[in-house]
Amino acid sequence: MIPEKCNKCGCEEFYIKESGTQTGLYCKKCNKWIKWLSKKEVTDFNKLNVSDVQLDTNGNIHGKLIPSIEDRLWRFIEFLDKKINEELEREPLSQSDSIAKCSYSLALERDKNALINILNGREFHDMGE
């Protein structure tokens, strides 16, 4: 059973980290190891960011389930990609509309790439060089 809070610092949030062939549950604040997780627990934890975690006798995670910020950002990136495509497929109404359309799409593309860089552990302005 996962404790409600870390017994070292009292933090109520946890994260998981691979260590060799096993995956451990750790305190988000002080990085203290809590326990090793089963494959099912790892899969469930990766799908959702869980707070107020409880494990029942069958190993199922219970508690308040909130999509992780990383998942929400990836969904936002997909949304930006869709908006860029919609904007580029739209027929411009005039020459100035065409310029505005391209500028808007470029700005969205740069924002999308900055988010992807951040989520992949790079600086937002990294050009992949």
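This is a tour of one predicted model, taken one selection at a time.

**Whole chain.** Start with a cartoon of the protein, which has three helices and five strands. Followed along the sequence, these elements come in the pattern β-β-β-α-β-β-α-α. Colour by accessibility next: of the 129 residues, 28% count as buried. In a contact map, look at the pairs with a separation of 6 or more; residues 24 or more positions apart account for 26% of those contacts.

**Strand 2.** Select residues 22–27, which form strand 2, and pick out Thr23 within it. Is Thr23 buried or exposed? Its relative accessibility is 11%, so Thr23 counts as buried. To see what surrounds Thr23, leave out residues up to four places away in sequence; the residues it touches are then Ile16, Lys17, Glu18, Lys35, Trp36, Leu37 and Val42. Two of these neighbours, Lys17 and Trp36, come up again below.

**Lys17 and Tyr26.** Show both side chains. The charged end of Lys17 sits over the ring of Tyr26, at 4.8 Å from the ring centre.

**Aromatic pairs.** Now display the aromatic side chains; the structure holds two aromatic pairs. One consists of Trp33 and Trp36, with ring centres 5.4 Å apart and planes at 55 degrees, so this pair is tilted. Trp33 is partly exposed because its relative accessibility is 36%. Trp36 has a relative accessible area of 36% and is partly exposed.

The other pair is Phe76 with Phe79: the centres are 6.2 Å apart and the planes stand at 20 degrees, which means the pair is stacked. Where do these two rings sit in the sequence? Phe76 and Phe79 both belong to helix 2 (residues 69–89), and because they are three residues apart, about one helical turn separates them. In an α-helix there are 3.6 residues a turn, so residues three or four places apart point the same way. Phe76 is partly exposed at a relative accessible area of 38%, and Phe79 is partly exposed at 42%.

**Helix 2.** Stay on this helix and select its full length. It has 21 residues, and the distance from its first C-alpha to its last is 30 Å, close to the 30 Å expected at 1.5 Å a residue. Which residues of helix 2 are buried? They are Ile77, Leu80, Ile84 and Glu87. These residues cover an arc of only 90 degrees around the axis, so they lie on the same side of helix 2. Turn the view to the face directed away from that buried side, where the exposed residues Glu78, Lys82 and Glu89 are found. Then add helix 3 (95–119) to the display, since it is included in what covers the buried residues of helix 2.

**Cysteines.** Last, select the cysteine sulfur atoms. How many disulfides are there? The count is zero. Cys30 is in no disulfide, and the nearest cysteine sulfur to it, that of Cys6, is 3.7 Å away; the cut-off for a disulfide is a sulfur pair within 2.5 Å. Cys30 is partly exposed, with a relative accessible area of 22%. Cys102 is also worth selecting: its relative accessible area is 44%, so it counts as partly exposed.

Technical notes
Residues are numbered from 1 along each chain as its sequence is written. This is a predicted model: local features need pLDDT of at least 70, side-chain atom pairs count only at pLDDT 80 or more; totals for chains, interfaces and linings use all residues. Side-chain values use heavy atoms; hydrogens and water are left out. Rings of Phe, Tyr and Trp (its six-membered ring) pair if their centres lie within 6.5 Å; planes under 30 degrees apart count as stacked, over 60 as edge-to-face and the rest as tilted. Buried means under 20% relative accessible area, exposed over 50%, partly exposed in between (1.4 Å probe, protein chains only). Helices (H or I, at least four residues) and strands (E, at least two) are DSSP runs, numbered from the N terminus. A charge sits over a ring if NZ of Lys or CZ of Arg is within 6 Å of the ring centre and within 35 degrees of the ring normal. The expected span of a helix is 1.5 Å times one less than its number of residues. The arc is that of the directions from the helix axis to the C-beta atoms. Contact means heavy atoms within 4.5 Å.
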